[in-house]
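Reader: I keep meeting words such as buried and salt bridge. Could you show me how each one is earned?

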Amino acid sequence: VLAKPPTVGVVAANAPVPVSSAGTLGSVVAPPDEAVVEKSPPPDEGWVEAQSPVLLGDVCLTIDRVTVGKLILRNRITNEASQISKDELLSISLTIQNTSQNRKIDYRSWGQDVPFADNCELSDNFGNRYRSTHFTPLSVPEGSVVSGSLYPGKQVSDVIAFERPIPTAEQLFLELPGSNVGQSGAVFRIKIPVSMIGQGTPAPT
């Protein structure tokens, strides 16, 4: 149980999902003889625009950059560029800051494939879901980390990757479990407009 109401952009994992006035999730009532294109509407509440920081307890999360392209992978031991991702991917660069004055926070990257752990999720305004992308234990996207200890006032930068969204997507909805920053039972909910997506830096040949 959280000690205080959820911050804007953060919801409890078991929060009820809003339904339409007719009581059917995402239902659309159309006037007679009008054609309707089925489309899953985005959630109305609880999401923060990616251009704004999101607070969860003592943790402040900021989306720094969103790009589509092939990723440069680095060797985790030598930190040298080792290869390039086979496919073009959506990469999200973010910063996690500990705003507490007297609490250390253990951060575990959302980009790690951990069995039985809560997973990050990415979807679009059509209801498509995109799988997070994981690499070999030794090869990680440039700019990513595995974990880190955030002392008061300190921050860490990370990169997480997903399948590339479809060309007609208009909004992306990113959900990051709070358990990765010591806030079990809560979720960062971030809305990313497709207009924010840039092209990735060309990988060296």
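**Labels and their cut-offs**

Author: Start with Y107, which counts as buried at 2% relative accessibility. A word on the source: this is a predicted model, where local features need pLDDT of at least 70, side-chain atom pairs count only at pLDDT 80 or more, and totals for chains, interfaces and linings use all residues. Residues are numbered from 1 along each chain as its sequence is written, and side-chain values use heavy atoms, with hydrogens and water left out.

Reader: What makes Y107 buried?

Author: The cut-offs decide (buried is under 20% relative accessible area, exposed is over 50%, partly exposed is in between, with a 1.4 Å probe and protein chains only). Y107 has 2%, so Y107 is buried.

Reader: Why is the pair of Y107 and W110 called edge-to-face?

Author: Two values settle that. Rings of Phe, Tyr and Trp (its six-membered ring) pair if their centres lie within 6.5 Å; planes under 30 degrees apart are stacked, over 60 edge-to-face, the rest tilted. Y107 and W110 are 5.5 Å apart, centre to centre, with 70° between the planes. Therefore they pair, and the pair is edge-to-face. W110 is buried too, at 4%.

Reader: What makes W110 and F188 an aromatic pair?

Author: Their ring centres are 5.9 Å apart and their planes meet at 90°. That pair is edge-to-face as well. W110 lies in the loop between β8 (105-108) and β9, and F188 in strand β15, so the pair ties together parts 78 residues apart in sequence. F188 is buried, with a relative accessible area of 0%. Y107, W110 and F188 form one aromatic cluster.

Reader: How do you know that E88 and R164 form a salt bridge?

Author: Check the distance. A salt bridge needs a side-chain nitrogen of Lys or Arg within 4 Å of a carboxyl oxygen of Asp or Glu. Here the closest N and O atoms are 2.1 Å apart, so the label fits. E88 lies in the loop between β6 (81-84) and β7 (89-98), and R164 in the loop between β13 (155-163) and β14 (171-177), so the pair ties together parts 76 residues apart in sequence. The structure holds six salt bridges.

Reader: Why can such side chains pair at all?

Author: Side chains of opposite charge can pair when their charged atoms come close.

Reader: Are R129 and E121 buried or exposed?

Author: R129 is exposed, with 56%. E121 is partly exposed, at 35%. These two form a salt bridge, with the closest N and O atoms 3.0 Å apart.

Reader: What makes β9 and β14 a pair of strands?

Author: Strands are DSSP runs (E, at least two residues), numbered from the N terminus. Two strands pair if DSSP finds at least two bridges between them. Strand β9 (residues 121-124) and β14 have four, so they pair, in the antiparallel sense. D124 stands opposite L172 in β14. Seven bridges join β14 to strand β15 (residues 186-193), also antiparallel. Five of the seven residues of β14 are buried.

Reader: How do you know that S149 is in contact with K104?

Author: Contact means heavy atoms within 4.5 Å. Leaving aside neighbours within four places in sequence, S149 is in contact with K104, I105 and D106. S149 belongs to strand β12 (residues 147-150). S149 is partly exposed, at 45%.
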